[in-house]
Amino acid sequence: MKAFDAVVVGGSIAGLYAGMKLARGGMSVCIIDRKSTIGVPVRCGEATGNLGELSRFFEPQKSWVAREIGGCALHINDSFCVKQAVRDAGVVLHRDKLEQGLADEAGKLGATILLDTVATGLYESHRGKWDGVVIENGGAVKGRYIIGADGCESKVGQWAGITRPLALDEVASTIEYHVESDYCNDGFLHFFMGSTVIMPGYIWVFPKGENHVLVGGGIYGCPRNNPKVKQYVDEFIKYRMPGARCHSMITGCVPVTLCPRELTRRNVLVVGDAARQSNPLSAGGIMNALEAADLAAHAMLVCKGNEETLRMYSRQWARNQRRQQKLYRLLRNVVVNSSDGEVIALARTGSRLFKGELDRSKPFKLPIIPTFRLIMNVLPKAIRHCRALAG
Amino acid sequence: MMATSNQKKAPSENSIAGLYIDQSICTFCAGCSSVCPVMAIQVRDSSSEISGECVDCGNCVAFCPVSAIKRSTGEGR
């Protein structure tokens with residue numbers, strides 16, 4: 001079989017975008033995926049950055065956007081709600097259409113896409129270098145570089161020794177229903193927290209279209225004696241949206257931990273959920289996956305076979321996003337270890353940072369007194385958490 | 001440590017070491033495979049199975065959002 005410049009394992013957003021960028025850069029690319037259809041099923045809350053942010057990577061099509069987001073609302077139990085309007089907050093996607101669009105574009109640029117193809121290991125030649133991936137039912141897809149974009153369960157990262165299996169406290173167990181209802185369907189992203197709703201995690205209600213919302217939930221860390229996330233979300237729908245019709249249900253796993261320091265080994269790279277690059281607080285990962293795929297593909301295009309240059313991808317990621325991940329992980333631990341009253345106090349102080357509509361396209365100056373109060377609120381818990389981690 | 005496999009397998013399911021995946025409930029999200037420390041769970045488009053490498057740690061049972069992974073006694077952990 002023909003040897004490609006790059007083999008991408010995983011035909012989801014990170015893999016497709018990386019494949020597209022590499023093909024545009026002149027590389028021969030083969031993208032393989034175990035699924036039989038690109039983009040289906042959608043295992044994602046589908047809320048992401050705004051069109052300006054997406055257009056850094058590709059030209060977003062109108063048909064990929066289900067709804068523009070008008071802001072966020074945080075509900076804690078039934079006793080507290082704070083809403084913040086945000087201009088250009090982001091969009092809720094039709095992620096299946098986006099991924100199919102990226103696959104079409106990658107195909108036009110010359111990338112080969114093999115569906116129903118399961119990678120079972122790295123193909124190692126006598127030179128001690130990985131020369132592609134072994135596929136189920138015999139044979140191999142050969143390539144000079146291998147990208148593991150195979151999601152949370154990433155086998156490529158583990159075969160190459162970049163990642164290890166996730167521990168239970170490093171993942172969120174998630175579920176989402178597509179519901180025919182107008183509950184909270186006001187264009188805002190609604191987040192529900194609190195001990196009477198779900199613990200430890202949150203339930204979301206995202207607008208998907210007229211009379212359609214996405215209702216999902218995620219539990220951080222999957223505590224062994226906790227009720228399952230499905231029970232929490234089923235209860236939520238039953239009591240808050242009586243009579244609502246659920247069209248579909250999906251489940252998933254999201255890494256809510258730090259990505260490894262090294263994201264490459266020899267000629268193998270990992271991107272997206274496979275590299276644990278999602279946000280440890282929100283569990284969102286679309287923008288992170290695109291950013292990572294962009295950096296990885298760039299490093300591959302300029303490295304000319306030099307492993308040290310390829311590692312530029314890890315360094316660039318560590319310099320920017322890994323630091324943010326640390327902050328979000330700390331915030332999550334502060335929130336998870338706070339009582340309902342403490343979370344309400346935090347949210348109330350946080351809401352005073354903004355007056356009126358927040359415009360993401362303009363620089364934002366934090367007001368001194370509310371910011372100081374928020375820091376004083378968070379700091380003692382953060383220090384306690386860091387001490388607990390150290391000790 | 002390998003788990004003992006003296007428990008009875010559920011006849012119609014993929015079952016090793018006392019754990020099996022109920023195919024009628026599984027949504028094939030592969031989350032169980034993400035938290036399996038020994039890569040013993042293979043998930044395909046519309047099937048999933050636990051192989052002989054299973055060490056019976058119970059991570060998959062704790063993770064599964066829809067309680068599709070069960071012990072062959074018929075109960076989750």
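**A:Asp88 is partly exposed, with 18 other C-beta atoms within 10 Å.** A residue is called buried if 20 or more other C-beta atoms, placed from the backbone, lie within 10 Å of its own, exposed if there are 12 or fewer, and partly exposed in between. A:Asp88 is found in strand β5 (residues 80–93) of chain A, where helices (DSSP runs of H or I, at least four residues) and strands (runs of E, at least two) are numbered from the N terminus. The phi angle of A:Asp88 is near 60°, which is a positive value in a residue other than glycine. This is a predicted model, in which local features need pLDDT of at least 70 and side-chain atom pairs count only at pLDDT 80 or more, while totals for chains, interfaces and linings use all residues. Residues are numbered from 1 along each chain as its sequence is written, and chains are lettered from A and ligands numbered from 1 in the order in which they are written.

**A:Arg266 has a positive phi in the loop between β15 and β16 of chain A.** Its phi is near 50°, and the residue is not a glycine. The loop that holds A:Arg266 runs between β15 (264–265) and β16 (268–270). With 16 C-beta neighbours inside 10 Å, A:Arg266 counts as partly exposed.

**Cis peptide bonds precede A:Pro41 and A:Pro200.** The bond joining A:Val40 and A:Pro41 has an omega of about -5°, and A:Pro41 is found in the loop between β2 (29–32) and β3 (47–48) of chain A. The bond from A:Met199 to A:Pro200 has an omega near -15°, and A:Pro200 is found in the loop between β11 (188–193) and β12 of chain A.

**Helix α5 (residues 229–240) of chain A has a buried side.** At 1.5 Å a residue, its 12 residues should span 16 Å (1.5 Å times one less than the number of residues), and the end C-alpha atoms are 16 Å apart, which agrees. The buried residues of α5(A) are A:Val229, A:Lys230, A:Tyr232, A:Val233, A:Phe236 and A:Ile237. They cover an arc of only 165° around the axis, which puts them on the same side of α5(A); the arc is that of the directions from the helix axis to the C-beta atoms. An α-helix has 3.6 residues a turn, so residues three or four places apart point the same way. The buried residues of α5(A) pack against β10 (171–180), β12 (201–209), β13 (212–220) and β14 (245–255) of chain A, and the face turned away from that buried side carries the exposed residues A:Lys238 and A:Tyr239.

**Helices α1 (residues 13–24) and α3 (residues 95–108) of chain A pack at an angle of about 25°, with their axes 9 Å apart.** That makes α1(A) roughly parallel to α3(A), a term used for angles under 35 degrees. The axes are lines fitted to C-alpha atoms over the stretch in contact, and the angles run from 0 to 180 degrees between N-to-C directions. The contact is made by A:Ile13, A:Leu16, A:Tyr17, A:Gly19, A:Met20 and A:Ala23 of α1(A) and by A:Glu99, A:Leu102, A:Ala103, A:Glu105 and A:Ala106 of α3(A), two residues being in contact if their C-beta atoms, placed from the backbone, lie within 7 Å. The crossing of the two helices is left-handed, meaning that the near helix is turned anticlockwise from the far one by less than a right angle, whereas clockwise would make it right-handed.

**Helix α3 of chain A is covered on its buried residues by elements that include α1, β2, β5 and β6 (112–114).** Its buried residues are A:Arg95, A:Leu98, A:Glu99, A:Gly101, A:Leu102, A:Ala103 and A:Ala106. The 14 residues of α3(A) should span 20 Å at 1.5 Å a residue, and the end C-alpha atoms are 20 Å apart, which agrees. α3(A) is followed by A:Gly110, whose phi is positive, near 105°.

**A:Leu22 lies in helix α1 of chain A.** A:Leu22 is buried, with 28 other C-beta atoms within 10 Å. Leaving aside neighbours within four places in sequence, A:Leu22 is in contact with A:Ala6, A:Met27, A:Val29, A:Ala297, A:Met300 and A:Leu301.

**Helices α6 (residues 286–303) and α8 (residues 312–336) of chain A pack at an angle of about 145°, with their axes 8 Å apart.** The crossing of α6(A) and α8(A) is right-handed. Among the residues that make the contact are A:Leu295 and A:Ala299 of α6(A) and A:Tyr313 and A:Trp317 of α8(A).

Technical notes:
Parallel < 35°, antiparallel > 145°, perpendicular 65-115°, else oblique.
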